[in-house]
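I opened my notebook today to look up a few things in a structure and to write down what I found, one entry at a time.

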Amino acid sequence: MDQQQYQQIEDQITPPTPYFKNVIKAFLVGGLICTIGHAITYFYIIFFDFTETTVGNPTAATMVFIAMILTGLGLYRKLGQFAGAGSAVPVTGFSNAVVSAAIEHKTEGLVLGVGGNIFKLAGSVIVFGVASAFFVALIKLILVTMGVVEW
Amino acid sequence: MKKMALALFCIPFFLFGCSGEQLVEVKNTANAEQNQNVEEVIKNSNDVYAGNAIFIDDQLLVAVQAKPWLDYKKSKIEKNLKKQIEEKYPNLEVFVSADYKLYWETQKLLEEEDEKKVSDELEKLKKLAKEET
């Protein structure tokens, strides 16, 4: 059996990926997470002194906290299995990436285990965010100095 | 059949946004004639679906809610409205905001009787609106 034949047989046996179903699941769960986030936003606006401009920080913090608890209890993994990208794209997925790495390497010690591995997945995201924010701010500063846009 | 029922169940939720009525409320303790103008300005604006206006001393606070699809150009709407309202009331200090917090709080202030309290609350709201972090 050469490589081509093997490939053919493999293609025949592999069940088709349910792309459409996956997309729908991701859409629904991702939307649900964002709806919860929005509810928290309104909670902070109505009961505390936050405006629409300032409410983003406490909302993100709360969502991260909730996802952290769910990850610790092992529930976020089930959600991730069901929804895929729908649970990974919102900020809760970021929280899950940090906490699950910390839990996974707990046995290797606090410094070399948890400390060395906690940002394994999320570190690149943080660095990318900081670097791109710097460049966006730089571009905006140049545009403002030239008088094209306002702050 | 089940799916059909679900779809039919969902339709009203999609249609909630379609009622075209604008809710504009004005609170004015000193001069009732002034109300008309600001109400007209808010009602004439096509980008706004609700608004509250409060006159107190020589200040006018207008809190509006932009239509959902126009949320991204809120500051532009604020600027436009402020300009229009300032034209009608040249001797008042006008403050316009499209923030939900201000809309929510002014909704409560509309029923408040104590003028001192309203005035204090207004100052607080203005300070809050300037906050950026």
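Entry one, aromatic rings in chain A. I looked up A:Phe43 and noted a relative accessibility of 41%, so this residue counts as partly exposed, since that value lies between the limits of 20% and 50%. I should add at once that the model is a predicted one. For A:Phe48 I found a relative accessible area of 39%, which again means partly exposed. I then counted aromatic pairs over all chains and arrived at 10. In the pair of A:Phe43 and A:Phe48 the ring centres are 5.8 Å apart and the planes stand at 70 degrees, and because an angle over 60 counts as edge-to-face, I entered the pair under that heading. I also noted that one aromatic cluster is formed by A:Phe43, A:Tyr44, A:Phe47, A:Phe48 and A:Phe50.

Entry two, a ring pair in chain B. How are the rings of B:Tyr100 and B:Trp104 arranged? I found 6.2 Å from centre to centre and 40 degrees between the planes, and I wrote the pair down as tilted. Both residues belong to helix H4 of chain B, residues 100–109, where they sit 4 residues apart, about one turn of the helix. B:Tyr100 has 15% relative accessibility and so counts as buried, while B:Trp104, at 30%, counts as partly exposed.

Entry three, chain B as a whole. I counted 5 helices and 4 strands in chain B, and along the sequence I read them in the pattern α-β-α-β-β-α-β-α-α. Of the 133 residues in this chain, 38% count as buried.

Entry four, strand S3 of chain B. Are the residues of this strand, 59–66, buried or exposed? I found that 8 of its 8 residues are buried. B:Gln59, B:Leu61, B:Ala63 and B:Gln65 point one way from S3(B), whereas B:Leu60, B:Val62, B:Val64 and B:Ala66 point the other way. This fits what I have learned, that side chains in a regular strand alternate between the two faces of the sheet.

Entry five, the partners of S3(B). Strand S2 of chain B, residues 48–56, pairs with S3(B) in the antiparallel sense over 8 bridges, and B:Val48 has B:Ala66 as its bridge partner. In the hairpin of these two strands, with 2 residues between them, B:Asp57 takes a positive phi near 50 degrees. Strand S4 of chain B, residues 93–97, runs parallel to S3(B) and is joined to it by 5 bridges. Between S3(B) and S4(B) the chain passes through helix H3, residues 74–88, in a β-α-β crossover that I noted as right-handed.

Technical notes
Residues numbered from 1 in each chain as written. Chains lettered and ligands numbered in written order. Predicted model: local features only at pLDDT ≥ 70, side-chain atom pairs only at ≥ 80, totals over all residues. Heavy atoms only, no water. Buried < 20%, exposed > 50% of the residue type's maximum accessible area, 1.4 Å probe, protein only. Phe/Tyr/Trp six-rings, centres within 6.5 Å; stacked < 30°, edge-to-face > 60°. Pairing = 2+ DSSP bridges. Right-handed = clockwise from strand over helix to strand, strands pointing away.
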